[in-house]
Each structure stands twice: as structure tokens, then as C-alpha cells.
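Q: Please take a close look at one part of this model, the helix packing in the first chain. Then set that part in its wider context.

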Amino acid sequence: METAGKRRRLAAYLLLSAAFLLFLGLSLASGSMTLKPGEILSALLGKDDGAGAQVILRLRLPRALAAALLGGALSVSGYLLQTFFGNPVAGPYVLGISSGAKLTVSIVMVFALQRLGALSFPLMMAAAFAGSMAVTLLILLFSGRSRSMATLLVVGLMVGNICSAVTDFFVTFADEAGVANLHAWSQGSFSGVSRENLLRIAPVILAALIAVRLLAKPISAYRLGETYAASMGVNVRAFRTALIALSSLLSACVTALTGPISFVGVAVPQLSRMLLGSSAPEAMIPGTFLLGAVFCMGCDLIARTAFAPTELAVSTVTAFFGAPVVIALMLRRSARREEA
Amino acid sequence: MEKTARLALVDLSVGYGGRAVVQGINVSAEAGEIVTLIGPNGAGKSTVLKTVCRRLRPLSGRVELSGEDAHAMTARQAAARMAVLLTRQPAPDLITCFEVAALGRYPHTGRLGRLTQEDRDIVEESLRQAGAWEIRQSDFSRISDGQRQRVLLARALCQQPEVLLLDEPTTFLDLGGKIALMEVLHALAKERGVSIVLTLHETELAREISDKVLCLKGGRVHALGTPEQVFTPGNMEELFDLPQGVYTPGRGIRLRMGHTKEGEG
């Protein structure tokens with residue numbers, strides 16, 4: 001069985017890697033200017049510096065890599081939240097955590113643009129992290145330790161709506177230039193991620209992922225619930241603190257750069273569990289990251305090309321694929337309850 | 001003697017939010033001893049166990065593991081000495097029974113939790129001992145409650161504890177399962193020297209397996225002694241508020257058929 005399980009995981013990783021390369025290739029090739037594989041290759045290798053190469057290196061490659069890196073980070077953030085709440089419908093968007101980051105970033109954006117004229121990257125990150133943490137703690141306060149999916153969803157929905165309402169309030173009263181900037185960002189898009197910001201955020205995400213990997217052992221034990229985990233040697237308080245901090249950090253990284261992106265964090269961990277056939281964190285952490293990368297790259301590709309030249313908000317596409325997963329989870333859980 | 005006991009409850013008072021549920025408990029378990037907690041519903045058996053396993057802080061008094069304060073230890077230090085089997089079963093899916101049992105190696109493995117060959121051997125031995133080796137490849141969420149209980153017991157054995165706590169371990173088991181579990185526990189105590197503390201509803205089983213029986217009622221220790229001392233008609237009638245003549249040692253319960261229940265007729 002052990003070998004059968006390993007073989008399945010290997011197959012899943014191979015499949016995901018292949019999908020990753022496929023979507024990356026498609027992302028580089030398609031758009032207003034369609035490029036052939038040969039042209040892409042020579043552009044990537046630096047042998048060509050024509051208009052096509054410029055489009056690839058300046059626009060399409062950073063955008064595809066941003067979708068992959070941030071999509072992966074968002075998915076792992078969702079996985080940590082699901083572990084934390086012991087609840088499969090938890091996710092940074094569904095629980096309003098992305099909206100919290102959106103709110104704090106909007107406030108900082110409006111004030112920074114008025115006072116400083118520009119918004120520094122560390123300031124934006126700090127604002128996003130503070131917003132994410134604040135909402136996570138708020139939800140914890142309201143929902144307690146309720147294991148009910150409905151309670152968590154309703155609390156998340158309400159908190160998210162409150163945050164969005166306050167954001168709208170600020171947007172309404174902000175000055176014209178600020179609003180244009182804010183409005184594009186608050187819709188959620190990978191298009192605004194600059195190469196510089198991508199290079200700045202990558203080490204943060206990498207460090208967070210390494211920290212998550214180091215938590216694999218307690219995450220594994222935590223699958224049996226808090227009491228069993230504690231009785232087997234998990235320092236529950238430190239572990240739970242690490243879970244929320246890392247989850248908030250990862251989703252803050254994404255929201256700061258792209259704005260809120262819906263349903264990725266909740267759907268991808270569930271899909272990767274099914275794909276891997278295992279809930280073991282050693283498999284789930286890389287699997288969830290990879291699937292999240294593939295998922296977001298694919299969704300961004302659709303958002304960009306489906307109705308070109310009009311571009312869809314990426315959340316429109318991620319919601320289209322992600323929301324049904326949440327519905328399926330709810331139905332399956334209630335079916336199981338009736339069975340029991 | 002109390003200094004050397006594997007597990008000692010010293011002047012222990014337990015409860016929630018400062019309100020005592022049971023007060024003044026003094027009992028110890030030596031290596032290989034089985035101590036059973038009995039008493040009516042709500043007498044605080046589970047609260048005592050929760051305090052011993054460090055879920056709850058004692059209101060006063062101490063829980064000692066070989067003379068050391070259990071509540072002053074780190075989770076990992078305590079887990080290397082004491083394992084727990086809870087009444088409520090967790091239900092994670094997409095995890096095999098082998099993996100669940102192997103989680104019990106937690107206090108003994110390194111930072112990444114990798115299993116060595118020695119760890120794997122211990123997991124196998126524990127699964128065999130708990131009677132769960134045959135289902136090691138099954139998904140934990142797709143087996144019966146009784147089987148799940150065995151896997152969780154195997155997990156506790158993987159911790160190689162000196163003290164094993166079990167909160168109503170017979171809840172999900174049929175008669176055959178109950179007897180098999182009692183035999184496993186007895187072997188653990190007598191062959192491995194594990195000290196076992198458990199709560200039980202079945203007085204017949206408690207009589208058979210226990211070295212000491214702690215009776216709880218009305219917020220205090222009602223009686224403490226060997227099964228012979230405790231399972232007397234007088235004590236049991238008092239403990240469970242039974243009508244006279246219902247409890248007969250040796251025969252267990254004798255129902256008084258034909259006796260009209262209150263509220264009927």
C-alpha cells in the first residue's frame with residue numbers, strides 16, 4: 001500500500017508538472033499577438049529582442065509567473081486555514097480575510113497617495129498582513145471553535161461584506177487619481193504585478209513555504225483533532241499561532257499585489273487532496289502549491305483570452321471553477337451526516 | 001511510596017472555570033497496575049481524566065508522573081510518558097490506519113517526523129497487539145467504530161507510554177470487542193508494566209480487570225479499594241442509588257422483573 005500511495009503521488013506530481021508547462025506555454029503564446037513555440041523559445045533564451053520577445057519578457061512571462069507563484073501561495077494559505085479551523089470550507093476569500101487585507105490596503109493607499117504621493121511596497125505588505133490578521137482574529141472571536149461549516153461561512157461572509165462596505169466608503173471619498181488605481185486593484189488581477197514586485201515577494205513566499213514545510217509534523221498529528229494532537233506532544237497554542245500567522249502572511253502577499261482573488265484558497269486544497277488520494281501534509285503542501293499555480297495560471301489565461309480584447313476579472317473565472325467545489329463539499333458533508 | 005508511583009493524584013481537585021467537580025482525590029498507580037474510575041453519570045470521571053491528561057489544569061493539588069508535576073512538563077515530555085484514548089473518535093479521511101497508528105511515534109521522531117525502520121517495527125508491533133494489523137491499509141474513515149478504536153489504541157501504544165489513560169474505551173464496542181480490549185489492556189499492564197487508568201460503565205468488566213477501583217459520587221471520592229472491597233451490595237447500592245437487592249456480586253445485576261416502573265401504568 002505504501003508503494004501504491006507513493007506511486008499515486010508521483011503520478012499526481014508528474015501530471016501537475018506537465019499541466020504547469022502546458023499552461024505556461026499557452027500563456028506565453030496567446031494574446032493579441034500569437035507567438036509560435038520557436039519564437040517563445042528564442043525570446044526566453046535571449047536570442048531575440050524583437051517586439052514578440054518584448055511582449056513575452058516584459059508582459060506575459062511576469063504575469064504567468066505571478067499567477068503561478070501567487071496562486072500557489074493563496075492555495076497553501078487556504079490549506080493552513082482549513083487545518084486551523086478543522087473545516088474544509090475555510091479559505092482566505094470565503095472567510096473575508098482577503099477583504100480585510102483589501103480594506104487596510106485601500107485605507108493606506110488613499111492616505112499614502114494623498115500625503116506621500118506614492119505607496120511603498122513594504123508599507124502595502126504590512127497593511128495587507130495587518131488586515132488579514134485582524135479579520136482572522138475577528139472570525140476566531142465570533143465563530144469560537146465551532147466546527148459547523150455554515151457558522152464559519154456566515155461569519156466570514158458578514159465580515160467580508162463589512163470590510164467591503166468600509167472599503168467602498170473610502171473609495172467614494174478618495175480623490176480621483178487614487179480611485180482609478182484602487183478600483184482596478186480591488187477587482188483582483190494578476191496584470192498589475194510588476195516584475196520588481198514579483199522579485200520582492202518571491203523570497204517572502206519562499207520563506208513562508210519553508211516554514212510551512214517545517215510544520216508538516218504537527219499538521220499531520222492535528223488531523224486527529226486538538227486533544228489527540230496535544231496528548232501526542234503538539235504544543236497546541238504555539239502551533240495554532242504559527243498556522244494563522246503563516247496563513248495570513250501568505251494571503252497578504254497575494255492580496256497586496258493582486259487584490260482579492262476568490263475561491264482559490266478554499267477549492268484548491270480540496271482538489272489536491274482528491275488528486276493525491278492522501279491528506280498527509282508532506283504530500284499536500286507541495287501538491288497544493290503546484291495545483292494552485294496551475295489553477296491560477298489557467299484561470300488567468302481564460303480571463304485574458306476568452307473574450308479578448310475584453311479582459312475578465314480573474315475572480316470571475318476562479319469563482320466559476322472554485323465555488324462549485326464549496327457547494328459540493330457542503331452537500332457531501334450533509335449527506336454523510338444523514339447517513340450517520 | 002507515593003514518590004515512586006508511576007502516576008499519582010495528590011490532593012487533586014478538578015473542575016471547570018474555578019468550580020470544583022470533584023475534590024480531594026488521592027490515588028496512585030504503580031507499574032502494571034490498573035485503576036478504574038466508576039460512578040454515576042456526571043460524577044466527574046471524565047473531568048478527572050481530562051485533568052490527568054493535561055487538558056484541564058487542576059484547581060488544586062498535583063498530578064505526578066514518577067514524582068514530577070505533569071502540568072509543568074512540555075507537551076512532548078508528557079507525551080513520551082503518557083498516552084490517551086478518548087471517547088470521541090476523530091474522523092479524518094484519506095489517511096490509512098497505519099498512518100494513524102504511526103502518528104503515535106510523534107514524541108519520539110525528529111523535527112520532520114520521518115519514521116525510521118525501528119519506528120516502523122514499533123508501529124507494526126502495536127497494530128498487531130491492538131488487533132488492527134489486518135486493516136492497516138484501510139482508510140481510517142471507512143472502517144467500523146470498533147476497528148477505529150483498535151487503531152487509536154495502537155496509536156497510543158506507539159507512544160510506548162508508561163501510563164495509559166482511557167476514557168470510556170468500551171463505548172463503541174460490542175461484547176466481543178469489549179472483552180478483547182480488556183484482555184489487551186490486562187496484557188499491557190501485566191506483561192509490559194504499563195500503568196492504566198480508565199473509566200468504565202460496565203461494573204462487571206471493572207471487577208474483572210481492576211487492581212484498584214476509585215468510586216466517585218457527589219463531588220468526592222466515595223470509596224477507593226480493591227474490587228473485592230468496592231463491589232459489595234452495600235457500596236454499589238449507595239454509589240448508584242440502586243434499590244436494595246438489585247446488585248449481587250458474582251451475578252452482577254439482577255433485574256426485578258414484574259416490578260412496575262414509576263410513571264407507568
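A: What follows starts with the chain, moves to two helix pairs, and ends with the partner chain.

This is a predicted model. Chain A has 14 helices and 0 strands. From the N terminus on, its elements therefore read α-α-α-α-α-α-α-α-α-α-α-α-α-α. The C-alpha trace of chain A spans about 60 × 55 × 35 Å along its principal axes. A compact globule of 340 residues would have a radius of gyration near 20 Å, and chain A agrees, with 20 Å. Of those 340 residues, 49% count as buried. Take the contacts in chain A between residues at least 6 apart in sequence: 76% of them join residues at least 24 apart.

Now the close look. Two packed helices are described by the angle between their axes and the distance between the axes.

Start with helix H3 of chain A, residues 51-85, and helix H11 of chain A, residues 236-258. Their axes come within 8 Å and cross at roughly 150°. An angle over 145 degrees counts as roughly antiparallel, so H3(A) and H11(A) are roughly antiparallel to each other. The crossing of H3(A) past H11(A) is left-handed.

Which residues of H3(A) meet H11(A)? They are Leu70(A), Ala73(A), Leu74(A), Val76(A), Ser77(A), Leu80(A), Leu81(A), Thr83(A) and Phe84(A). On the H11(A) side, the residues include Arg240(A), Leu243(A), Ile244(A), Leu246(A) and Ser247(A). Further along H11(A), Leu250(A), Ser251(A), Cys253(A), Val254(A), Leu257(A) and Thr258(A) also take part. By type, the residues of this contact between H3(A) and H11(A) divide into 14 nonpolar, 5 polar and 1 charged.

Next comes the pair formed by helix H4 of chain A, residues 97-115, and helix H5 of chain A, residues 121-143. The axes of H4(A) and H5(A) come within 7 Å and cross at roughly 140°. That makes H4(A) oblique to H5(A). H4(A) passes H5(A) in a right-handed crossing.

H4(A) contributes Ile97(A), Gly100(A), Ala101(A), Leu103(A), Thr104(A), Val105(A), Val108(A) and Ala112(A) to the contact. Among the H5(A) residues are Leu123(A), Met124(A), Ala127(A), Ala128(A), Ala130(A) and Gly131(A). Ser132(A), Ala134(A), Val135(A) and Thr136(A) of H5(A) are also part of it. The residues of the contact of H4(A) with H5(A) divide into 13 nonpolar, 5 polar and no charged.

Now the wider context. Chain A also touches chain B: 22 residues of chain A are in contact with 25 residues of chain B. Which elements give two or more residues to the chain A side? They are helix H9 (216-222) and helix H10 (226-231) of chain A. The chain A residues on this side divide into 10 nonpolar, 9 polar and 3 charged.

Chain B has 9 helices and 12 strands. Its radius of gyration is 19 Å, close to the 18 Å that the globule rule gives for 265 residues, so chain B is as compact as a globular protein of that length. The C-alpha trace of chain B spans about 60 × 40 × 35 Å along its principal axes. Buried residues make up 43% of the 265 residues in chain B. Of the contacts in chain B with a separation of 6 or more, 67% are between residues 24 or more positions apart.

Note on methods: Residues are numbered from 1 along each chain as its sequence is written. Chains are lettered from A and ligands numbered from 1 in the order in which they are written. This is a predicted model: local features need pLDDT of at least 70, side-chain atom pairs count only at pLDDT 80 or more; totals for chains, interfaces and linings use all residues. Axes are lines fitted to C-alpha atoms, for helices over the stretch in contact, and angles run from 0 to 180 degrees between N-to-C directions. Helices (H or I, at least four residues) and strands (E, at least two) are DSSP runs, numbered from the N terminus. Angles under 35 degrees count as roughly parallel, over 145 as roughly antiparallel, 65 to 115 as roughly perpendicular and the rest as oblique. A crossing is left-handed if the near helix is turned anticlockwise from the far one by less than a right angle, and right-handed if clockwise. Two residues are in contact if their C-beta atoms, placed from the backbone, lie within 7 Å. Ala, Val, Leu, Ile, Met, Phe, Trp, Tyr, Cys and Pro count as nonpolar, Asp, Glu, Lys and Arg as charged, and the others, Gly among them, as polar. The radius of gyration is taken over C-alpha atoms; the globule rule is 2.2 Å times the number of residues to the power 0.38. A residue is buried if 20 or more other C-beta atoms lie within 10 Å of its own, exposed if 12 or fewer, and partly exposed in between; C-beta atoms are placed from the backbone.
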